[in-house]
Structure formats: C-alpha cells, structure tokens
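Reader: I am in my first year and still learning to read folds. Please take one part of this structure and walk me through it closely.

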Amino acid sequence: MEERRIETNRERELLSAADRVTGVDGLRSTDNQRFRNRVQALLDLSGKSLKTPEGFDTLEKAVTGQHEQRVEILKRGGLYEGVAIPGVQESIDILGQTLTEEQVKAVLGMQKDCFVIEPGKPFTEYVGAIDRNKRRGQIDTYFSPYLQKRFAGMPVGGVRVGFVEGKAELAGDPNLVGKKLKEQERLFKAGLATGVEQIHPRTDALLQLDGMKTDQLVDVSTWSPLEDNSTERTYLPGGFWSNPRVYFRGSNPGVEFHFARWRSAVMVSAN
C-alpha cells in the first residue's frame, strides 16, 4: 500500500480544528510526518485512511494525464457550466479515499480504461452536446421516443468521477456473444465485482463525444447496452455509432445478439 500527500479541504478543516483544541500553532506542511500522523489519527476515528489500494498509482497517472481533455470535452459540449467540476488533485483524492482494492483491480483489468468526469445533467443535454459538436457529414443524434420517455425520469444532480471500459471498439466476450440479450445481461452482471457497474447512458455519451473528437468512433460495428437503473425492462437501452450519426435506442432483450459489448465502469460521487 502506498501513502500519498493529503490536501483535501475537509482534512485541512479537521486539522485546523485539532490545532485550535491542542494549541498547536499553524497548519503543518503536508510533507511533515507529524502532520501526516495527526491527520491519519483523525481519519482513523472516522474510518478513513491515508493509504491507497495497491495499483492506485496507475490510476492516479491516468487522471493526471486525461483530466484536461475530459474538462475540454465538457466545456465544448456545454456540460461544464453550473456544476462543481473537481480538479486534478481533488479527483485523485476522491478516488484514492473511496475506491477499494477490488475496484482498482477491476479498472486495471479493463479493456482501454478511460477516466471520466460525468455531470449529472439531464440526458437531453448530452444529446445536445453531441449534436453541437458534429463531425463533417454527421447528422443529428437519433434518440428514440421510447428512450426519451424513459430517460426523462433519470435522476439529475451532482458529479461523478471514475473509469469506464473502452474508448472505441471492444472485443466480444465469447461467453456472451450470440446469446439472448437478457441472458447476456444476467451473466455480465453476475460477473461484476462489488462496486463495479454497467456503463451509464451519460458515460456512453461522453465516450461518443471523445471518439468524435479523436477519430476513435465508439461502437461503429458494435452496440453498448446501457444501464439507467430503470425498472422498465421492455427494451434494453443501447448506444452506438452508425454513419452518419450516434444512436440511442432500445433492443428487444429476447433476441440473440452478436454485436453487444458490455462495458463496465467504476464511478464514485464527487460532491
């Protein structure tokens, strides 16, 4: 397990309060071992730790290397305004304090893992973001009437950060390909580790935005089932690219499907 610098506002508030009680003058340097010991003691009382799971350093590098691009995508799509987007270090702190070893292991095992910042805005704003950033020849997103009605009830608010599987095309799981969608879904979810989820529609839209910008279009010959946590199961929502536009529409869970790609994600609340 690796130790890291602690710089979050909450931890500084805790330490300042402790200083007032103990009479210690001023806030200690974050590199000072006595400071670190005091913060660790405070966090131990609340069940938190300064230690991060094994392998987290790889995720930390991914956040550092990809954060700027993720913020650019949000700004370009009009998804940045009106929400508190965590900075690089804050994102690292949130993930380091929240992720379990099982979740970190899941991210390290993903196909082409991608750092994500996901504002909890209505899905129509994500569709609008795609349509405002169309490539040459691209036409407006197809957002099926069924999903428009279904996604209208999607909870909004807050921001999530985390990692999702795949920026472009994923290889199919031979244990799933060709089975009926509802059976694929059952097997996929049964195999997810604790704290790992199926990709959310907002996250998929962010992958589409990124792919349109980097010429790594997502699901050109495949289809990603999406989890919106709805109790409505008549159709399974999905997202994909089919020239010349992005599609969000449902598919019958009772049909055999060879092109579904089940993307996993590890997401945590940032505020």
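**The sheet around S5 and S10**

Author: Start with one pair of residues. Val161 stands opposite Val268 in S10. Keep that pair in view, and work outward.

Val161 belongs to strand S5, residues 159-165. The model is a predicted one. In it, S5 and S10 pair in the antiparallel sense, over five bridges. S10 itself covers residues 264-269. Five of its six residues are buried, so S10 is mostly covered.

Now look at the other partner of S5. That is strand S3, and seven bridges join the two. They run antiparallel. One pair to find is Glu118 with Arg160: Arg160, in S5, is the bridge partner of Glu118.

Is S3 enclosed or open to the outside? Count its residues. S3 spans residues 113-119, and six of these seven residues are buried. Buried here means under 20% relative accessible area. So S3 is largely enclosed by the rest of the structure.

Go back to S10 and step the other way. Its next partner is S6, and the pairing is again antiparallel, over two bridges. Two residue pairs mark the place. Gln198 stands opposite Ser264 in S10. Glu197 has Ala265, also in S10, as its bridge partner.

Put the steps together. The order is S3-S5-S10-S6. These four strands form an open sheet, and the pairing is antiparallel. Which strands lie at the edges? They are S3 and S6, residues 197-198, and each pairs on one side only. Note what this says about S3. It is an edge strand, and yet six of its seven residues are buried.

Something also packs on this sheet. Helix H3 touches S3 and S5. The direction of H3 makes about 45 degrees with that of S3.

Follow H3 away from the sheet. H3 spans residues 56-76, and it packs with helix H9, residues 201-214. Two packed helices are described by the angle between their axes and the distance between the axes. For H3 and H9 the angle is about 100 degrees, and the axes are 10 Å apart. Angles of 65 to 115 degrees count as roughly perpendicular. H3 and H9 are therefore roughly perpendicular to each other.

Which residues meet there? On the H3 side they are Gln69, Arg70, Glu72, Ile73, Leu74 and Arg76. On the H9 side they are Leu206, Leu209, Asp210, Lys213 and Thr214. The residues of this contact divide into four nonpolar, two polar and five charged.

H9 leads on to another sheet. That sheet is open too, with four strands in the order S4-S9-S8-S7 and mixed pairing. Its edge strands are S4, residues 142-143, and S7, residues 224-225. H9 packs on this sheet and touches S7, S8 and S9. The direction of H9 makes about 5 degrees with that of S8, residues 236-242. At the S4 edge, two bridges join S4 to S9, residues 245-251, and these strands run parallel. Phe143 stands opposite Phe248 in S9.

Last, place this part in the whole chain. The protein chain has nine helices and ten strands. Buried residues make up 49% of its 271 residues.

Conventions
Residues are numbered from 1 along each chain as its sequence is written. This is a predicted model: local features need pLDDT of at least 70, side-chain atom pairs count only at pLDDT 80 or more; totals for chains, interfaces and linings use all residues. Side-chain values use heavy atoms; hydrogens and water are left out. Buried means under 20% relative accessible area, exposed over 50%, partly exposed in between (1.4 Å probe, protein chains only). Two strands pair if DSSP finds at least two bridges between them. Axes are lines fitted to C-alpha atoms, for helices over the stretch in contact, and angles run from 0 to 180 degrees between N-to-C directions. Angles under 35 degrees count as roughly parallel, over 145 as roughly antiparallel, 65 to 115 as roughly perpendicular and the rest as oblique. Contact means heavy atoms within 4.5 Å. Ala, Val, Leu, Ile, Met, Phe, Trp, Tyr, Cys and Pro count as nonpolar, Asp, Glu, Lys and Arg as charged, and the others, Gly among them, as polar.
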